[in-house]
Amino acid sequence: MDISIARTFLEVVKTGSFVNAATNLNISQTAVSARIRVLEEQLDRPMFVRNKAGARLTPAGEQFFRFATSLVQVWEAARTTVALPPGREAMVTIGAELSLWNPLLKHWLLWMRRESPSVAIRTTIDRSERLMELVQDGSLDAAVLYGAPSRPGTLAELLFEEKLVLVRTTPLSQPLGPEDLVGIDWGEDFAGSYRAAFPGCPNPVVSISYGPLALEYILAVGGSGYFRRGFIQPYLEEGRLEIIPNSPEFAYPAYLVSSAKADQSMLDRIRAGLRAAASMAGH
């Protein structure tokens, strides 16, 4: 399939009309219609229902949508890999969740520059679900995730395990109540373990999905919450936070998820670098 047809299909889906797709792609509306017609002939199914309001997907179009997305992603990955920068003999693509970028991926980039200077690197920071999709379709060689659902075409291995610990701000003379506990989204496993450890605990007044933002919040106004031990260690040493005595700790494992299509020798290099980076980051 001509990749421009898949791009055109996705643009119509995004904009909701052939006219807007033509404008964004800088081609005529006739060209957009012709490409969609070729697609429909190849698949022997209508992709869109067109009316005065624009264009909406048919059931067949909805089925094709995810394949079109993968086609374009894989093509971009292939184009980027083939077009290696001068002086580089290979390309590695890796992703990570936002909370794993600093310091883990930062240390990994420095390790790769030192140990594998002939390798070009492309990194992606995104949600875990999106990263899993990119690894699954081969757009990424690997990704580092907290939690690794089983997906066809992927392999997951434990990279390191952190602890989630309950901490509070200091000074300890400042009393904190249940309403000062900030809820943080550490995933379904943590949520289940937390409910078992604190049955009947009311929902937090403030919930923040991103750990570093939650930490800034409680440092500014006072409060408590569960945080990754390695991340808050400097604040414990400075005396700005203290672990609440006798509070339960929860395991928080990080996994290296790789594509079954990834080159094994390159994967070995990624793994070695990440393990070195995890050690430098205190994991």
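## Close-up views of a predicted model

**View 1. Histidine 107 is in contact with Ala277, Met280 and Ala281, its neighbours within four places in sequence left aside.** The model shown here and in the other views is predicted. Histidine 107 is part of helix α5, which covers residues 98-115. Is histidine 107 buried or exposed? Buried means under 20% relative accessible area. Histidine 107 has a relative accessibility of 18%, so it counts as buried. By the domain assignment, domain 2 is made of two stretches, 86-159 and 253-281. Histidine 107 falls in the stretch 86-159, while Ala277, Met280 and Ala281 fall in the stretch 253-281.

**View 2. Leucine 100 is another buried residue of helix α5.** Its relative accessible area is 3%. Which residues does leucine 100 contact, beyond its neighbours within four places in sequence? They are Leu105, Val144, Leu145, Tyr146 and Phe160. Serine 17 is 83 residues away from leucine 100 along the chain. The C-alpha atoms of leucine 100 and serine 17 are separated by 39 Å.

**View 3. Helix α1 spans the length expected for its residues.** The helix runs over residues 3-15 and has 13 residues. At 1.5 Å a residue, α1 should span 18 Å. The C-alpha atoms at its ends are 18 Å apart, so the model agrees with the expected span. Buried residues of α1 are Ile3, Ser4, Ile5, Ala6, Thr8, Phe9, Leu10, Glu11 and Val12. Just after the helix comes glycine 16, with a positive phi of about 80°.

**View 4. Helices α1 and α3 pack with their axes 9 Å apart.** The angle between them is about 110°. That is why α1 counts as roughly perpendicular to α3. From α1, the contact takes in Ser4, Ile5, Thr8, Phe9 and Val12. From α3, it takes in Val32, Arg35, Ile36, Val38 and Leu39. By class, seven residues in this contact are nonpolar, two are polar and one is charged. The α1 residues Ser4, Ile5, Thr8, Phe9 and Val12 are also on the list of buried residues in α1.

**View 5. Helix α2 packs on helix α3 with axes 8 Å apart.** Helix α2 covers residues 18-25, and helix α3 covers residues 29-43. How are α2 and α3 oriented to each other? They pack at an angle of about 110°. They are therefore roughly perpendicular. On the α2 side, Phe18, Val19, Ala21 and Ala22 make the contact. On the α3 side, Gln29, Val32, Ser33 and Ile36 meet them. Six residues here are nonpolar and two are polar, with no charged residues. Val32 and Ile36 of α3 appear in the contact with α2 and in the contact with α1.

**View 6. Phenylalanine 48 of strand β1 is buried.** Its relative accessibility is 9%, so it counts as buried. Neighbours within four places in sequence aside, it contacts Phe9, Val12, Val13, Phe18, Ile36, Glu40, Ala55, Arg56, Leu57 and Thr58. Among these contacts, Phe9 and Val12 are residues of α1, and Ile36 is a residue of α3. Phe18 belongs to α2. Tyrosine 210 is 162 residues from phenylalanine 48 in sequence. C-alpha to C-alpha, phenylalanine 48 and tyrosine 210 are 38 Å apart in space. By the domain assignment, domain 1 covers 3-82 and domain 3 covers 163-251. The centres of domain 1 and domain 3, taken over C-alpha atoms, are 46 Å apart.

**View 7. Two loop residues other than glycine take a positive phi.** Aspartate 44 has a phi of about 55°. It sits in the loop between α3 and β1 (48-51). Its relative accessibility is 59%, so aspartate 44 counts as exposed. Asparagine 246 has a phi near 65°. Its loop joins β10 (241-243) and β11 (250-259). At 83% relative accessibility, asparagine 246 counts as exposed.

**View 8. A cis peptide bond links threonine 170 to proline 171.** Omega for this bond is near 10°. Where does proline 171 lie? It is in the loop between β6 (154-169) and β7 (182-184).

Methods:
Residues are numbered from 1 along each chain as its sequence is written. This is a predicted model: local features need pLDDT of at least 70, side-chain atom pairs count only at pLDDT 80 or more; totals for chains, interfaces and linings use all residues. Side-chain values use heavy atoms; hydrogens and water are left out. Domain bounds come from an automatic or database domain assignment. Helices (H or I, at least four residues) and strands (E, at least two) are DSSP runs, numbered from the N terminus. Buried means under 20% relative accessible area, exposed over 50%, partly exposed in between (1.4 Å probe, protein chains only). Contact means heavy atoms within 4.5 Å. The expected span of a helix is 1.5 Å times one less than its number of residues. Axes are lines fitted to C-alpha atoms, for helices over the stretch in contact, and angles run from 0 to 180 degrees between N-to-C directions. Angles under 35 degrees count as roughly parallel, over 145 as roughly antiparallel, 65 to 115 as roughly perpendicular and the rest as oblique. Ala, Val, Leu, Ile, Met, Phe, Trp, Tyr, Cys and Pro count as nonpolar, Asp, Glu, Lys and Arg as charged, and the others, Gly among them, as polar.
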